[in-house]
Amino acid sequence: MSASADIFQKIKQTRVIPVVTINNTGDALPLAKALCDGGLPCAEITFRTQAAEESMRLIAAEYPQMLIGAGTILTPEQADKAKAAGAKFIVSPGLNPRVVEHCRSIGVPMIPGCMTPSDIERAIELGLSTVKFFPAEAAGGLKMLKALSAPYPNIEFMPTGGITDKNITEYLSFNKVIACGGSFMVSNELIAAGDFSKITELTAKSVEVCKV
């Protein structure tokens, strides 16, 4: 199994990827511990904040067992920084061929955001077989995803955007969904409040929900 295939297999086994925004590097390790204690040793850390890169580096060093992804990657330069900080996979909100090709050149699996048939066909042309359906709920939810995916039997999806503990099992029941990205167990409010015990509790619940 190739390194990329191994990463996608781990994502598939995880079923839910916590999408995390870290504004303070001091929150990085307590947050990682909370996710691991809750049975979900993975995170997509968005590159939207000044603290993201260093937080990723801290978590990768302290919790090497975690599957760490970098989200909101918009440029090749950000992809380089994310890989150096410990990211095992890259996620973007849209499909930028330049970023996709760069990630391939540096050996990091890439999951770009797609919302239209044209996006998916561009992804296929770039040699991809897994994309992010984003923003999932705003774009029409599972009904839209099923219709969108029908012409593309070899493409798998990671829906993200509006995924909650109430609708995640519906998405996961669709055989073309490898996992869902969601922040319902790691809200910005809980992180800001330092309520990591609540994050552990919600994470454990999400793991149980996704087993169904």
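The following legends describe close-up views of a predicted model.

**View 1. Strand S7 is covered on both of its faces.** The strand comprises residues 130-133. Thr130 and Lys132 lie on one side of S7, Val131 and Phe133 lie on the other, and all four are buried. In a regular strand the side chains alternate between the two faces of the sheet.

**View 2. Threonine 130 is a buried residue of strand S7.** Its relative accessibility is 5%, and threonine 130 therefore counts as buried, the limit for that class being under 20%. When residues up to four places away in sequence are not counted, threonine 130 touches Phe8, Met110, Ile111, Pro112, Glu156 and Ile178.

**View 3. Strands S6 and S7 run parallel and are joined by two bridges.** Strand S6 consists of residues 113-114. Glycine 113 stands opposite lysine 132 of S7. Between the two strands the chain passes through helix H6 (residues 117-125), giving a β-α-β crossover that is right-handed.

**View 4. Strand S7 also pairs with strand S8, in the parallel sense.** Two bridges connect S7 to S8, which spans residues 156-157. Valine 131 has phenylalanine 157 in S8 as its bridge partner. The connection from S7 to S8 leads through helix H7 (residues 141-149), and this β-α-β crossover is right-handed.

**View 5. Helices H3 and H4 meet with their axes within 8 Å of each other.** Helix H3 covers residues 52-62 and helix H4 covers residues 76-85. Their axes cross at roughly 25°. Angles under 35 degrees count as roughly parallel, and H3 and H4 are therefore roughly parallel to each other. On the H3 side the contact involves Glu53, Met56, Arg57 and Ala60, which meet Lys81, Ala82 and Ala85 of H4. By class, the residues of this contact comprise four nonpolar, three charged and no polar.

**View 6. The buried residues of helix H4 pack against several elements, including helix H3.** Pro76, Ala79, Ala82 and Ala85 are buried in H4. Besides H3, the buried residues of H4 have as packing partners strand S3 (67-71), strand S4 (89-91) and helix H5 (97-105). Of the buried residues of H4, Ala82 and Ala85 also take part in the contact with H3 shown in View 5. After H4 comes glycine 86, which has a positive phi near 120°.

Technical notes
Residues numbered from 1 in each chain as written. Predicted model: local features only at pLDDT ≥ 70, side-chain atom pairs only at ≥ 80, totals over all residues. Heavy atoms only, no water. Buried < 20%, exposed > 50% of the residue type's maximum accessible area, 1.4 Å probe, protein only. Pairing = 2+ DSSP bridges. Right-handed = clockwise from strand over helix to strand, strands pointing away. Axes fitted to C-alpha atoms, helices over the stretch in contact; angles between N-to-C directions. Parallel < 35°, antiparallel > 145°, perpendicular 65-115°, else oblique. Contact = heavy atoms within 4.5 Å. Nonpolar A, V, L, I, M, F, W, Y, C, P; charged D, E, K, R; others polar.
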